[in-house]
Amino acid sequence: CNLITPQIGLNENVFVYNPSDSKNMERIVCNPKITKYSEEVIVEQEGCLSMRSDEVAGQVARSAWIECEYENEEGQKVRRRLKDFEARVFQHEYDHLKGILCYDRFPPEDREAAQENINTLLGLYTDEDALIEPDANEFKNMMPRQLSARYMPPLEVDDEEEQENEPTGGGSGGFGGGGFGAGGGKKTGGKNTKEAKKKKPKARDGSRSDNPQFKKSGKTAFANRK
């Protein structure tokens with residue numbers, strides 16, 4: 001469960017997130033600042049409840065670890081180094097406070113695939129205060145930068161993933177329901193689940209796009225970039 005104050009109409013620099021399945025692990029983050037981003041990035045699929053994540057999801061690059069500081073609910077200063085899933089969640093919520101959605105980080109192909117649903121959501125919002133684009137300065141300085149044809153780290157997947165990895169459980173959307181953002185937990189095996197699995201780059205195939213520039217011999221224009 002994760003929530004930022006702008007989602008409930010409060011103009012405060014606060015968010016709450018839970019990095020685990022435990023009900024007692026909620027972290028209240030006030031006036032956060034990310035002081036350091038790792039150079040290593042991990043590309044994974046993300047969605048967001050703000051955009052109905054079962055309908056709007058795409059690849060997002062996040063730093064593998066970050067260093068951050070904030071105040072907790074008692075006003076105490078906290079400095080932490082976060083990694084892996086918790087680092088991704090923190091960066092996602094921190095973006096919200098900067099007026100940036102995960103959609104703003106999607107590569108062109110995923111933005112194109114999501115645009116129809118984005119337009120539908122905008123049509124349902126009748127007030128006149130919607131911000132269609134993020135602040136130009138925040139967008140320019142966001143870390144890591146947006147995925148693009150010039151910047152597309154390869155996806156890292158398990159060798160067995162494409163054959164065995166299917167969504168399990170019901171639920172999609174947000175950080176709950178089995179998976180970050182786009183939903184769908186990963187099937188895990190039996191005794192060997194703790195053993196390290198060999199990783200290999202996975203090229204994007206351009207299948208979600210009608211635009212010819214994303215298709216070349218069945219792959220996107222940036223499929224082979226490192």
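Me: How many bridges join β3 to strand β6?

Reply: This is a predicted model. In it, β3 and β6 (residues 65-71) run antiparallel. Cys-30 stands opposite Glu-71 in β6, and Tyr-37 stands opposite Ile-66. The number of bridges joining β3 to β6 is five.

Me: Which residue in β3 is the bridge partner of Tyr-17?

Reply: Strand β2 covers residues 14-17 and strand β3 covers residues 27-37. These two strands run antiparallel and are joined by four bridges. For Tyr-17, the bridge partner in β3 is Arg-27.

Me: Which side chains of β6 point to one face and are buried?

Reply: In a regular strand, side chains alternate between the two faces of the sheet. Along β6, Trp-65, Glu-67, Glu-69 and Glu-71 point to one face and are not buried. Those that point to the other face and are buried are Ile-66, Cys-68 and Tyr-70.

Me: Which residue in β7 does Glu-67 stand opposite?

Reply: β6 and β7 (residues 77-83) run antiparallel, with seven bridges between them. Glu-67 belongs to the β6 side chains that are not buried. Its opposite residue in β7 is Arg-81.

Me: How far is the charged end of Arg-81 from the centre of the ring of Trp-65?

Reply: The charged end of Arg-81 sits over the ring of Trp-65. To count as over a ring, CZ of Arg must be within 6 Å of the ring centre. Here the distance from the centre is 3.7 Å.

Me: Which residue takes a positive phi in the hairpin of β6 and β7?

Reply: The hairpin of β6 and β7 has five residues between the strands. The positive phi is near 80 degrees, and the residue that takes it is Gly-75.

Me: Why is the pair of Phe-15 and Tyr-17 called tilted?

Reply: The structure holds five aromatic pairs. In one of them, the ring centres of Phe-15 and Tyr-17 are 6.0 Å apart. Planes under 30 degrees apart count as stacked and planes over 60 as edge-to-face, with the rest tilted. The pair is tilted because the angle between its planes is 45 degrees.

Me: What is the angle between the planes of Tyr-103 and Phe-106?

Reply: Tyr-103 and Phe-106 form an aromatic pair, 5.8 Å from centre to centre. Tyr-103 counts as buried at 9% relative accessibility, and Phe-106 counts as buried at 0%. The pair is edge-to-face, and the angle between its planes is 70 degrees.

Me: Which residues do ring pairs link into a cluster with Phe-15?

Reply: Phe-15 and Tyr-17 are both buried. Tyr-70, in β6, is also buried. The residues linked with Phe-15 by ring pairs are Tyr-17, Tyr-70 and Phe-90.

Key: Residues are numbered from 1 along each chain as its sequence is written. Side-chain values use heavy atoms; hydrogens and water are left out. Rings of Phe, Tyr and Trp (its six-membered ring) pair if their centres lie within 6.5 Å; planes under 30 degrees apart count as stacked, over 60 as edge-to-face and the rest as tilted. Buried means under 20% relative accessible area, exposed over 50%, partly exposed in between (1.4 Å probe, protein chains only). A charge sits over a ring if NZ of Lys or CZ of Arg is within 6 Å of the ring centre and within 35 degrees of the ring normal. Two strands pair if DSSP finds at least two bridges between them.
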